Amino acid sequence: MLTKNAMKIITSLGSKKYRQKYNLFVVEGVKNVKEVLKSNITVKELYTTNQNFDAKGNLPVHYLSPNELKKISFLSTPNECLAVCEIPPQRSIAPVKGLTLVLDTINDPGNLGTIIRLADWFGITQIICSKESVDVYNPKVIMSTMGSFARVAVHYTDILEVIENYKYPILGAFMEGESIFQFPFPENAMLVMGSEAHGISKAVEDKITNKISIPAIGKQTESLNVAMATSIIVGEVFSQKMR
């Protein structure tokens, strides 16, 4: 059964303010929900239209009609189940070798979700975001990760401070810079990707040790969105590792 109070709280979780107030976030879709059930993230409630959904354990399961699920869903077409989860405490940034992704004011939920999914694909276990970037627990971000949010740690911090204390090369993606297809990527490095509208901020740009770019072979488009650009650059990094 879906109570009015539960509906009020769940629908409020579309706002960062209320996610922080209740320390809760929403996960939707069969794949995402199954991924979170396998993770260490605490699932508080599960709502589903599937009477045979295997939630496992003692998790409270509420069976709803499609119309009831639609009332609490953030999707235009609700996808069978919705989980209300506890926001885990933010872990400290782990000193890792290899490639570290740093996102400077990424505002689009779909782009952040895609980058998290990309990181998961290539085995990148953490992403460092500026405090101004879109919240990882935004329902649109969670949905677009396709479950990868459960495996990739996303940290929000003063990225300038992190960069200043980093001892390896700091790479920045720019419209003008050395071609990624000619640049020899170091074994350990930070890759900074800037916002969709303004790129990398001036303060961060001043700390970049190497400016890199994706050469435009065709001339029919002005630019790539940040998720596409990140995909191409990270793909080239790992391509070089495998040569």
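Reader: How do you know that C85 is not bonded to another cysteine?

Author: This is a predicted model, and in it the closest cysteine sulfur to that of C85 is in C81, 11 Å away. A disulfide needs the two sulfur atoms within 2.5 Å. So 11 Å is too far for a bond.

Reader: What is the closest cysteine sulfur to C81?

Author: The sulfur of C85. The distance is 11 Å, so C81 fails on the 2.5 Å cut-off. The structure holds zero disulfides.

Reader: Why are C81 and C85 called buried?

Author: Buried means under 20% relative accessible area. C81 has 1%. C85 has 0%. Both values fall under 20%, so both residues count as buried.

Reader: Is E80 buried, exposed or partly exposed, and what makes it so?

Author: The relative accessible area of E80 is 28%. Buried stops under 20%, and exposed starts over 50%. E80 lies in between, so the term is partly exposed. E80 sits in the loop between α4 (66-72) and β4 (81-86).

Reader: What is noted about the backbone of E80?

Author: Phi is near 65 degrees in E80. That is a positive value in a residue other than glycine. N23 also has a positive phi, near 55 degrees. N23 belongs to the loop between α2 (16-22) and β1 (24-28). At 33% relative accessibility, N23 is partly exposed.

Reader: Which residues does F74 contact, leaving aside its neighbours within four places in sequence?

Author: I10, T11, L13, G14, V26, E28 and P139. Each counts as a contact because heavy atoms come within 4.5 Å. F74 lies in the loop between α4 and β4. The C-alpha atoms of F74 and K140 are 8.0 Å apart, with their positions 66 residues apart along the chain. F74 has a relative accessible area of 31%, so it is partly exposed.

Reader: Why is the pair E35 and R151 called a salt bridge?

Author: The term requires a side-chain nitrogen of Lys or Arg within 4 Å of a carboxyl oxygen of Asp or Glu. For E35 and R151 the N to O distance is 2.6 Å, so the pair qualifies. E35 lies in helix α3 (residues 30-38) and R151 in the loop between α6 and β7 (153-157), so the pair ties together parts 116 residues apart in sequence. E35 is buried at 11% relative accessibility. R151 is partly exposed at 40%.

Reader: Which residues are linked in a network of salt bridges?

Author: K31, E35, K38, D120 and R151. A search of the whole structure finds eleven salt bridges.

Reader: How do you know that K202 and R243 form salt bridges?

Author: Set the distances against the 4 Å cut-off. K202 and D206 have their closest N and O atoms 2.7 Å apart. R243 and E236 have theirs 3.0 Å apart. Both distances are within 4 Å, so both pairs count. K202 is exposed at 57% relative accessibility. R243 is exposed at 66%, whereas E236 is buried at 8%.

Reader: What makes the link between D135 and R19 a polar contact?

Author: The side chains of D135 and R19 are joined at 2.9 Å. The limit for N or O atoms is 3.5 Å, so the distance passes. D135 is in the loop between β6 (126-130) and α6 (139-145). Outside its neighbours within four places in sequence, D135 contacts K16, R19, L112, V141 and Y156. Its relative accessible area is 12%, which means D135 is buried.

Reader: Where does the side chain of S195 reach?

Author: It reaches the backbone nitrogen of H198, at 2.9 Å. S195 lies in the loop between β9 (189-193) and α8 (202-205). S195 touches D104, T105, I106 and I200, not counting residues up to four places away in sequence. At 9% relative accessibility, S195 is buried.

Reader: What makes L224 eligible for a nonpolar surface patch?

Author: A patch residue needs over 30% relative accessible area. L224 has 35%, so it passes that cut-off and counts as partly exposed. F181, L224, M228 and I232 make the patch, about 340 Å². L224 is placed in the loop between β10 (210-213) and α9 (226-242).

Methods. Residues numbered from 1 in each chain as written. Predicted model: local features only at pLDDT ≥ 70, side-chain atom pairs only at ≥ 80, totals over all residues. Heavy atoms only, no water. Helix = DSSP H or I, 4+ residues; strand = E, 2+ residues; numbered from the N terminus. Buried < 20%, exposed > 50% of the residue type's maximum accessible area, 1.4 Å probe, protein only. Polar contact = N/O pair within 3.5 Å; in protein donor to acceptor, adjacent residues only side chain to side chain. Patch = residues over 30% accessible without salt bridge, like charges linked within 9 Å, V, L, I, M, F, W, Y side chains within 5 Å. Areas by Shrake-Rupley, 256 points an atom, 1.4 Å probe, with all protein chains shown as cover.
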